[in-house]
Amino acid sequence: MHRYIIKRLLFLIPTVLGVSLIIFIVMNITPGNPGRMILGVNATAEEVEAINQELGYYDPVLVRWFNYLKDIVTEGDFGQSYSTKMDVFDELWPRFLITLRLAILVLILSVCIGVPLGILSAVKQNSLLDTIPTMIAFFLAAVPSFVVGIVLMYIFALRLNLFRPYGLDSIKDYVLPVIAATICELSAYLRFTKSSMLESIRQDYVRTARAKGVAERTVIWKHALKNALLPVVTSIGMRFGCLLAGMVTTEQLFSIPGIGSLIVESISKKDEPMVIGCAVTLSICFTLLMIGVDVIYAFIDPRIRAKYNKKV
């Protein structure tokens, strides 16, 4: 197992290299001038030119990319933001932690509600316990998260005055954005868990267990569920990774200073160091999440664990 984990950790290197190079290329072909952004509209052309020369703006993309990686490896320097003049890592890390807290809360709620409802819908197929949750899930999946957020904000913040419609100054302020994001997420978990569970229930080994007189509870929880959880675990890992970078709508709607809104702001300002720093941070987190998913696989399925422990 440890050899597999080390091997996957080594995949971080080409992942970070590839992501940073792609971002460098994309930012290079977009219009904008870092010197003008740093000095403002009142700066002279000579001053802007001097700043661009100092930043290496006119160097080839590969040269700038190599120098950027060299600064990270040798000095741990992610660069300085063009717009705020702050170190990139010092600015993005607190905002990443805000998004991480939101994503964890959304994940916990959506999994704890969506997965059990998906299992229940599969076990009670074609009954009201299946029809009602499935119809609600399809309805929620068709409603954008910002619409849900606006409705929650109007009812609970503006009309009832129970919560603030913006900011995260207390635990209470997390309620509306977390619920808005959870409602859309749990519908996906419900539908995915249900389809995976139905596929597992229809397998031959489940029919054999039932034919042998095994209790239905044992058939569902011991035989069918273990195999149905494998694709669900993959979905949880991937959707959690997407939450870290994909909560832009929720963050913008509730004025939350997360990393998603930071990326959008930095792209609009062509703040290359900030965009690249955020992209590298998220790519590392996503790769680590996938490694964690593979390790969880081994604990769920003994066949996978045996393959990992096999001597080569």
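**Reading the largest pocket and two helix pairs**

Student: How many residues of each class does the lining of the largest pocket have?

Tutor: The lining has eleven nonpolar, eight charged and five polar residues. Here Ala, Val, Leu, Ile, Met, Phe, Trp, Tyr, Cys and Pro count as nonpolar, Asp, Glu, Lys and Arg as charged, and the others, Gly among them, as polar. The model is predicted: local features need pLDDT of at least 70 and side-chain atom pairs 80 or more, while totals for chains, interfaces and linings use all residues. Numbering runs from 1 along each chain as its sequence is written, and side-chain values use heavy atoms, without hydrogens or water.

Student: What is the volume of the largest pocket, and which residues are closest to its centre?

Tutor: Rolling a probe the size of a water molecule over the atoms shows where empty space is left. The volume of the largest pocket is about 590 Å³. A pocket is an open set of points on a 1 Å grid where a 1.4 Å probe fits, with protein on both sides within 12 Å along at least five of seven lines; lining residues have an atom within 4 Å of a point. Of the 24 lining residues, Leu55, Gly79, Gln80, Tyr82 and Pro273 are the closest to the centre.

Student: Which helix gives the most to this lining?

Tutor: Helix H5 does, with four residues. H3 (34–39), H4 (45–55), H5 (61–75) and H14 (272–300) each supply at least two. Helices are DSSP runs (H or I, at least four residues) numbered from the N terminus.

Student: How are H2 and H14 arranged?

Tutor: Two packed helices are described by the angle between their axes and the distance between the axes. H2 (residues 12–29) and H14 pack at about 150 degrees, with axes 9 Å apart. They are therefore roughly antiparallel (over 145 degrees), and their crossing is right-handed.

Student: Where is confidence lowest, and where highest?

Tutor: Where pLDDT (confidence from 0 to 100) is low, the predicted coordinates should not be read in detail. Helix H15 (residues 302–309) is lowest, at a mean of 64, and helix H6 (residues 88–123) highest, at 90.

Definitions and conventions. Points joined across faces, edges and corners; volume = space filled by probe spheres on them. pLDDT = per-residue confidence, 0-100. Axes fitted to C-alpha atoms, helices over the stretch in contact; angles between N-to-C directions. Parallel < 35°, antiparallel > 145°, perpendicular 65-115°, else oblique. Left-handed = near helix turned anticlockwise from the far one by under 90°.
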